[in-house]
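User: I would like a close look at one part of this model. Please take a single helix, and work outward from there to what surrounds that part.

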Amino acid sequence: MPRIHLVSSAPASEKAVHDILVSSPVVGVSCKGANAGGKGTIYLIVVATLQGDVYAFDVRRDRNIILDGGLIRLFQSTDVTKVIHDCAADAAALHRGFGVALRNVFDTQVAQRVLMEEYGLPPRMISKHALFAKYDIVGYTPSAQLKRLLQEDQHVWARRPLNKDMLNTAAADVVPLVTVLYDTLKSVLKPETADWFECLCNNHRSSQLGSRKKKTTIKGDNQARRSVNESFEMSVVKFKEPKED
């Protein structure tokens, strides 16, 4: 069973980022905060690897995690694919708050839009919840108390300490991106739409930074889709800082 590694300092982040870079060429990413977009504030960054491990970077506790802790290397790496759903808000918040230029993004929202175009359907942007339901992904169910807070308190992810319920909820939001949706969507996207998909991803990534998106329609034959059920309850461990020599 995969574990959640809670990373709360820059030195611990350096080791975590190194471990991710050498082991997982594809990662799922989700930023938790308030007021999504260029004016938003990020409190927690969650990264899931191909192996199913989850790293929760507590940037509210230590903002130096991004720069001094090396998380910027992961975000700006062209060698590691970042799987994100609707990357525009996260890209804008990372750029405004930390000067991060997010690169090499596989946006699952954009991928589903391109698939709809291939099916000859009017393209639209689907929510993450709807996409998970479409592919029969079942994850962690938060407690009634956390559900209420998520609806009523936009700063819920600023609350400390981060309890197991919050971390499991955050992990369930990102793990399926890399363990299920990346391979599923990539396998059904037609090769001839690759350039268009990359163009849409790049335009959407920069859409809240002032860039404009291109629009077109691509039709194609129906593709097979698969459904994967996944439920999990993760254990949480604190990622230890490296020992000094």
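Analyst: What follows is a walk around helix α5, from its burial to its helix neighbours and then to the strands beside it.

This is a predicted model. The chain has 10 helices and 7 strands. Of its 245 residues, 53% count as buried. Contacts with a separation of 6 or more are mostly long-range: 73% of them join residues 24 or more positions apart.

Start with the helix itself. α5 covers residues 108–118. How many of its residues are buried? The count is 11 of the 11, so α5 is largely enclosed by the rest of the structure. The buried set holds Thr-108, Gln-109, Val-110, Ala-111, Gln-112, Arg-113, Val-114, Leu-115, Met-116, Glu-117 and Glu-118. Charged side chains are in that set too: Arg-113, Glu-117 and Glu-118 are buried. Buried here means under 20% relative accessible area.

What do these buried residues pack against? Their partners are strands β5 and β6 (105–107), and helices α6 (128–134), α9 and α10. Two of the helix contacts deserve detail.

Two packed helices are described by the angle between their axes and the distance between the axes. Take α10 first. This helix spans residues 194–205. The axes of α5 and α10 are 10 Å apart, at an angle of about 140°. Angles over 145 degrees would count as roughly antiparallel. The two helices are therefore oblique to each other. Their crossing is right-handed. From α5, the contact uses Gln-109, Val-110, Ala-111, Arg-113, Val-114 and Glu-117. From α10, it uses Trp-196, Phe-197, Leu-200, Cys-201 and His-204. By class, that contact has 7 nonpolar, 2 polar and 2 charged residues.

Now α9, which runs over residues 175–188. The axes of α5 and α9 come within 10 Å and cross at roughly 30°. Angles under 35 degrees count as roughly parallel, and α5 and α9 are therefore roughly parallel to each other. The crossing of this pair is left-handed. Thr-108, Ala-111, Gln-112, Leu-115 and Glu-118 make the contact from α5. Leu-177, Leu-181, Leu-185 and Val-188 answer from α9. Its make-up by class is 6 nonpolar, 2 polar and 1 charged residues. Ala-111 is listed in the contact with α10 and also in the contact with α9.

One residue of α9 leads on to the strands. Tyr-182 lies in that helix. Its relative accessible area is 9%, so Tyr-182 is buried. The C-alpha atoms of Tyr-182 and Ala-111 are separated by 9.4 Å, though the two residues are 71 apart along the chain. Which residues does Tyr-182 touch, leaving aside neighbours within four places in sequence? The contacts are Val-26, Thr-81, Val-83, Phe-106 and Leu-177.

Thr-81 is worth following. This residue sits in strand β5, which covers residues 81–84. Thr-81 is buried, with a relative accessible area of 14%. Beyond its neighbours within four places in sequence, Thr-81 contacts Pro-25, Val-26, Val-27, Asn-104, Phe-106 and Tyr-182. Val-26 and Phe-106 are therefore shared contacts: Tyr-182 touches both, and Thr-81 touches both.

β5 as a whole is covered on both faces. Thr-81 and Val-83 are buried on one side, Lys-82 and Ile-84 on the other. Two strands pair with β5. With β6, the pairing is parallel, over 3 bridges. In it, Val-83 has Phe-106 as its bridge partner. With β2, the pairing is also parallel, again over 3 bridges. There, Val-26 is matched with Thr-81, and Val-27 with Lys-82.

β2 carries the picture one strand further. It spans residues 26–34, and 8 of its 9 residues are buried, so β2 is largely enclosed by the rest of the structure. Its pairing with β3 (residues 41–49) is antiparallel and has 8 bridges. Within that pair, Ser-30 is bridged to Val-46.

To recap: α5 has all of its residues buried, 11 of the 11. α5 is oblique to α10 and roughly parallel to α9. The buried residues of α5 also pack against β5, a strand that pairs with β6 and with β2.

Notes: Residues numbered from 1 in each chain as written. Predicted model: local features only at pLDDT ≥ 70, side-chain atom pairs only at ≥ 80, totals over all residues. Heavy atoms only, no water. Axes fitted to C-alpha atoms, helices over the stretch in contact; angles between N-to-C directions. Helix = DSSP H or I, 4+ residues; strand = E, 2+ residues; numbered from the N terminus. Parallel < 35°, antiparallel > 145°, perpendicular 65-115°, else oblique. Left-handed = near helix turned anticlockwise from the far one by under 90°. Contact = heavy atoms within 4.5 Å. Buried < 20%, exposed > 50% of the residue type's maximum accessible area, 1.4 Å probe, protein only. Pairing = 2+ DSSP bridges.
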